[in-house]
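The following exercises guide a reader through one protein structure. Each task is followed by a solution in steps.

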Amino acid sequence: MSVYQPVRRRTVPDLLRSHADGERLPMVTCYDYTSARVVDRTSIPMVLVGDSLGMVVQGQDSTLPVTLDDVIYHCRAVVRGTRRALVVADLPFLTYATPEDALRSAGRLMAEGGAGAVKLEGGRTVAPTVRRLVDAGIPVMGHLGLTPQSVHQIGLRVQGKDAARAEELLRDAEALAEAGAWSIVLELVPAPLADAITARVPVPTIGIGSGAGCSGEVQVWHDVLGLYDEHVPRHTTRYATLADHAAAALDRLADDVRERRFPTAANAAAMDPEVLAEAVRRADEPT
């Protein structure tokens, strides 16, 4: 007799065990229910409801306009669409300016959004905030290197190429781990530096544009699936070209509608002719 095995959502301890066993940790961004249902059919163990939604969903030119309510809204949809993956949600710009601000914001992401962990940007300056959240029982993923919320300060470029900045990132990573962060995203960090950080901290590093030596990799849904027709960033690979397939399918739909090939009788409900005749007769009678 088979025993029912309920589906269980992965947790931070699950992922840390996988890391300890030498397994690399794949991660992808996710912003809506339909995409979440697709991810749930895969072996990807965690998804990020990133503030990158500002650009890839809302059409903004940065992550800065994204609000906490925005992330909560999208997080709810992703949580409804997944049963297996850990859902990590971004703390948006200026929602964690102080440890108490962070506690309120992260609490909403978990209580209202259903997130299983939160992510925030910064190193030693946010370490006290990380500790405050962890002490309150909130799992925290750090984020170093190119931190998009600081785009106007650091620019859109690789971080840590000179000795001074590389030292800062090494110290920042150690501070985050010491404060209790369970993992650290390394975005656009030179691969050798990412390797050095990964060797120095006791928690998984999740790379994006930082080489193959990280403990895992996160990629943006739209980049991986080819949902844009712009250039492919160096730090990603297109595993599909869904935008091309979608555009071709919509063109076929448009042609079929114009040429009266769609919809067909099979796409519509039938009706008893006598019932229709009776309805028309009644409608023609004066009221």
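Helices are DSSP runs of H or I of at least four residues, numbered from the N terminus. The model is a predicted one.

**Exercise 1. Describe how the strands are arranged.**

Step 1. Establish the order of the strands. A closed barrel of 8 strands runs β1-β2-β3-β4-β5-β6-β7-β8, with parallel pairing. From one strand to the next, the twist averages 25°.

Step 2. Examine where the barrel closes. Strand β8 (residues 216-219) is joined to β1 by 4 bridges, and the two run parallel. Within this pairing, Val28 stands opposite Gln219, and Met27 has Val218 as its bridge partner.

Step 3. Turn to the other neighbour of β8. Strand β7 (residues 205-208) is joined to β8 by 2 bridges, again in parallel. Here Ile206 has Gly216 as its bridge partner.

**Exercise 2. Determine the surroundings of strand β3.**

Step 1. Identify the pairing partners. Strand β2 (residues 46-49) runs parallel to β3 and is joined to it by 4 bridges; Val49 stands opposite Ala89. Strand β4 (residues 117-119) also runs parallel to β3, with 3 bridges between them. In that pairing, Lys119 of β4 is the bridge partner of Asp90.

Step 2. Follow the chain between the two strands. From β3, the chain passes through helix α5 (residues 99-111) to β4, a β-α-β crossover that is right-handed.

Step 3. Inspect the two faces of β3. Leu86, Val88 and Asp90 are buried on one side, and Val87 and Ala89 are buried on the other.

Step 4. Draw the conclusion. Since 5 of the 5 residues of β3 (residues 86-90) are buried, the strand is largely enclosed by the rest of the structure.

**Exercise 3. Explain how helices α1 and α8 lie on the strands.**

Step 1. List the buried residues of α1 (residues 12-20). They are Val12, Asp14, Leu15 and Ser18.

Step 2. Look down the axis of α1. The buried residues fall within an arc of 160°, so they line one face of the helix. As a general principle, an α-helix has 3.6 residues a turn, so residues three or four places apart point the same way.

Step 3. Find what this face meets. The buried residues of α1 pack against β1 (25-29), β2, β3 and β4. Just after the helix, Gly22 takes a positive phi of about 90°.

Step 4. Consider α8. Helix α8 (residues 163-179) lies across β5 (140-145) and β6 (183-187), and its direction is at about 175° to that of β5.

**Exercise 4. Decide whether Cys75 could be part of a disulfide, and count the disulfides.**

Step 1. Recall the bond in question. A disulfide is a covalent bond between the sulfur atoms of two cysteines.

Step 2. Apply the cut-off, which requires the sulfur atoms to be within 2.5 Å. The closest cysteine sulfur to that of Cys75 belongs to Cys30 and is 10 Å away, too far for a bond.

Step 3. State the count. The structure has 0 disulfides by this rule.

Step 4. Add the accessibility of two cysteines. Cys75 counts as buried at 0% relative accessibility, and Cys214 counts as buried at 3%.

**Exercise 5. Characterise Val66, a loop residue.**

Step 1. Locate the residue. Val66 is in the loop between α3 (53-56) and α4 (68-81).

Step 2. Classify its exposure. The cut-off for buried is under 20% relative accessible area; at 3% relative accessibility, Val66 counts as buried.

Step 3. Name its contacts. Leaving aside neighbours within four places in sequence, Val66 is in contact with Asp51, Leu53, Gly54, Gln58, Val71 and Pro92.

**Exercise 6. Find backbone features that depart from the usual pattern.**

Step 1. Recall the usual pattern. Most residues other than glycine have a negative phi, and most peptide bonds are trans.

Step 2. Consider Leu94, in the loop between β3 and α5. Its phi is near 65°, a positive value in a residue other than glycine. At 61% relative accessibility, Leu94 counts as exposed.

Step 3. Consider the loop between α11 and α12, where Arg260 is found. Phi of Arg260 is positive, near 60°, and the residue counts as exposed at 77% relative accessibility.

Step 4. Examine Pro263, in the loop between α11 (242-258) and α12 (273-284). The peptide bond from Phe262 to Pro263 is cis, with omega near 0°.

Key
Residues numbered from 1 in each chain as written. Predicted model: local features only at pLDDT ≥ 70, side-chain atom pairs only at ≥ 80, totals over all residues. Heavy atoms only, no water. Buried < 20%, exposed > 50% of the residue type's maximum accessible area, 1.4 Å probe, protein only. Pairing = 2+ DSSP bridges. Right-handed = clockwise from strand over helix to strand, strands pointing away. Arc of directions from axis to C-beta. Contact = heavy atoms within 4.5 Å. Axes fitted to C-alpha atoms, helices over the stretch in contact; angles between N-to-C directions.
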